[in-house]
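Subject: A structure for you to look at

Hello,

I am passing on a structure that may be new to you, and my notes on it follow below. Please open it first and keep it in view as you read.

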Amino acid sequence: EGYTSPFRHMEFQNAFAASSNRTNAIKFQDLDVNPSNEKQLLQLLRIEHAAADDDNDDDGGTNSIASRIYLAEASQRCASVRSIYHVLACGDSLEACGDEAASNFKISTFSSGSWCIRVKNLNSSMRSLEESTVLSSMSGFFQLLDGRVDLTHPQNLFHVWQGLSGNANDKLSPFLLTRQIATGFDLSFYKPNTRECVTSTPLDPIAAFIMVNAGRVSRDVHVLDPYAGSGSVLLAASAVAHNVVTIGIDRDETIHFPSIIKDFHHRSLTPPSGLIRGDFRNASIRQQAKKSALSATLSLSSESSSAFQGFDAIITDPPYGIRERLDSDPLLDLFRIIALENENDVPLLKIGGRLIVFVPRLERRGVSVPPQLNSSLLKQAELDLIEAIRQPLESPGLCRWLMIFQRRRRSRDQ
């Protein structure tokens, strides 16, 4: 679907930051492995050896209980991550793996509940190991487990990975023993065919969740989608965190707002605090959005410090097609409006807030570069470009870029 390693890395890094309030805590060690369809899983495996360098809890790094909780929470809110695993041991043989796991055994590493073992063979030309062989060869480790075997719903799911191969720099051992920490977000109930409100070109749920995680949406934040459409972004924002205040704006008269509300209720999610019919470029429409956010904030907390200070994230996939009959560039409109609103007592985007936006781009001769940005407008809007990631599309010669901006703090002379 075009969601390459940079998308997965970016989504997981920002989901971890949102869950743990720790920035730059995740680092990846890319692996050149075969077959390529398992590459994304192995990239996440390597988090266990290369992540959370600034974590001082317990024994440090991702072996700490706190870090494992944050890693699990981050994985569970990601759309581009299948699973995340804790590497317990690696070795040139099953026996070596079992001995290492036994020597490092800590009951705090995982619960003493039920368990089972599965084999992952990454080399189709290699005969898969029998689970009975794994149990026999690694008996020194599995005998330490107190829980019963449960093949259906185990509390601890162990995997033995075989057939690992990589380049000389990867130094991969032929066998890994892992415990599954968590799985990614289940999007089956968020696909367009499960929704009450669907536009002719709905934003796919993977993109919506990636954008929301890029925006580091967390509990009690305020999210605005100025081109909300059927509400995919707002739905994803409510799904990843509790008490998120979401506001949507769209001028399309054909979008049925009550159906959007039903989509939230059917999933037991907090519905948007405001769905506003109108043009985002209209100052009165933006003021209505801010009033809706303020009302929702006051209803959640009686503390004066909780007053609305601007949106924590503006996340949107603007319409760029000819059929939308736009008379201006949505990205430039966003820059201009954010710059204009920065002069108000309550800005549209708060300091430190993020702007997440998809921008389509034509490719010529297979070459694509990020959209050229107006540096003067960016400066006026007080925005820094944090990251730009390219996604190829099915249409020949067309791609889109996910652009991540953050509003900087003003210098003293401003």
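One term before we start: two residues are in contact when they have heavy atoms within 4.5 Å of each other. Please also keep in mind that this is a predicted model.

Here is the overall picture. The protein chain has 13 helices and 11 strands. Of its 414 residues, 52% count as buried. If you take the contacts in the chain with a separation of 6 or more, 71% of them come from residues 24 or more positions apart.

A good place to begin is helix α8, which covers residues 205–214. Is α8 enclosed by the rest of the structure or open? It is largely enclosed, because 10 of its 10 residues are buried. Those buried residues are P205, I206, A207, A208, F209, I210, M211, V212, N213 and A214. What do they pack against? Their partners are helices α1 (5–20) and α9 together with strands β8 (311–316), β9 (349–362) and β11 (398–407).

Of these partners, α9 (residues 232–240) is worth a visit of its own. The axes of α8 and α9 are 8 Å apart, and the two helices pack at an angle of about 60°. That angle is under 65 degrees but not under 35, so the pair counts as oblique. Their crossing is right-handed. On the α8 side, the residues that meet the other helix are A208, F209 and V212. On the α9 side, they are S232, V233, A236, A237, A239 and V240. Sorted by class, this contact has 8 nonpolar residues, 1 polar residue and no charged ones.

Next come the charged pairs. Side chains of opposite charge can pair when their charged atoms come close. How many salt bridges does the structure hold? There are 15, and I picked out three for you.

- R148 and D150 meet through their side chains at 3.7 Å, N to O. R148 counts as exposed, at 56% relative accessibility, whereas D150 counts as buried, at 13%.
- R267 and D263 form a salt bridge at 3.6 Å, N to O. Here R267 is buried at 9% relative accessibility, and D263 is buried with a relative accessible area of 1%.
- D333 and R336 have their closest N and O atoms 3.5 Å apart. D333 is buried, at 8% relative accessibility, and R336 is partly exposed, at 43%.

The D333 and R336 pair sits within a single helix, α12 (residues 330–341), with the partners 3 residues apart, about one turn of the helix. An α-helix has 3.6 residues a turn, so residues three or four places apart point the same way. Which residues join D333 and R336 in a network? Salt bridges that share partners link them with R251, D279 and R281.

While you are at α12, please look at L340, which also has its place in that helix. Is L340 buried or exposed? With a relative accessible area of 54%, L340 is over the 50% cut-off and therefore counts as exposed. L340 and Q380 are 40 residues apart in sequence, while their C-alpha atoms are 8.3 Å apart in space.

If you have time for one stop, I would suggest α8 and its contact with α9.

Best wishes

Key:
Residues are numbered from 1 along each chain as its sequence is written. This is a predicted model: local features need pLDDT of at least 70, side-chain atom pairs count only at pLDDT 80 or more; totals for chains, interfaces and linings use all residues. Side-chain values use heavy atoms; hydrogens and water are left out. Axes are lines fitted to C-alpha atoms, for helices over the stretch in contact, and angles run from 0 to 180 degrees between N-to-C directions. Helices (H or I, at least four residues) and strands (E, at least two) are DSSP runs, numbered from the N terminus. Angles under 35 degrees count as roughly parallel, over 145 as roughly antiparallel, 65 to 115 as roughly perpendicular and the rest as oblique. A crossing is left-handed if the near helix is turned anticlockwise from the far one by less than a right angle, and right-handed if clockwise. Ala, Val, Leu, Ile, Met, Phe, Trp, Tyr, Cys and Pro count as nonpolar, Asp, Glu, Lys and Arg as charged, and the others, Gly among them, as polar. A salt bridge is a side-chain nitrogen of Lys or Arg within 4 Å of a carboxyl oxygen of Asp or Glu. Buried means under 20% relative accessible area, exposed over 50%, partly exposed in between (1.4 Å probe, protein chains only).
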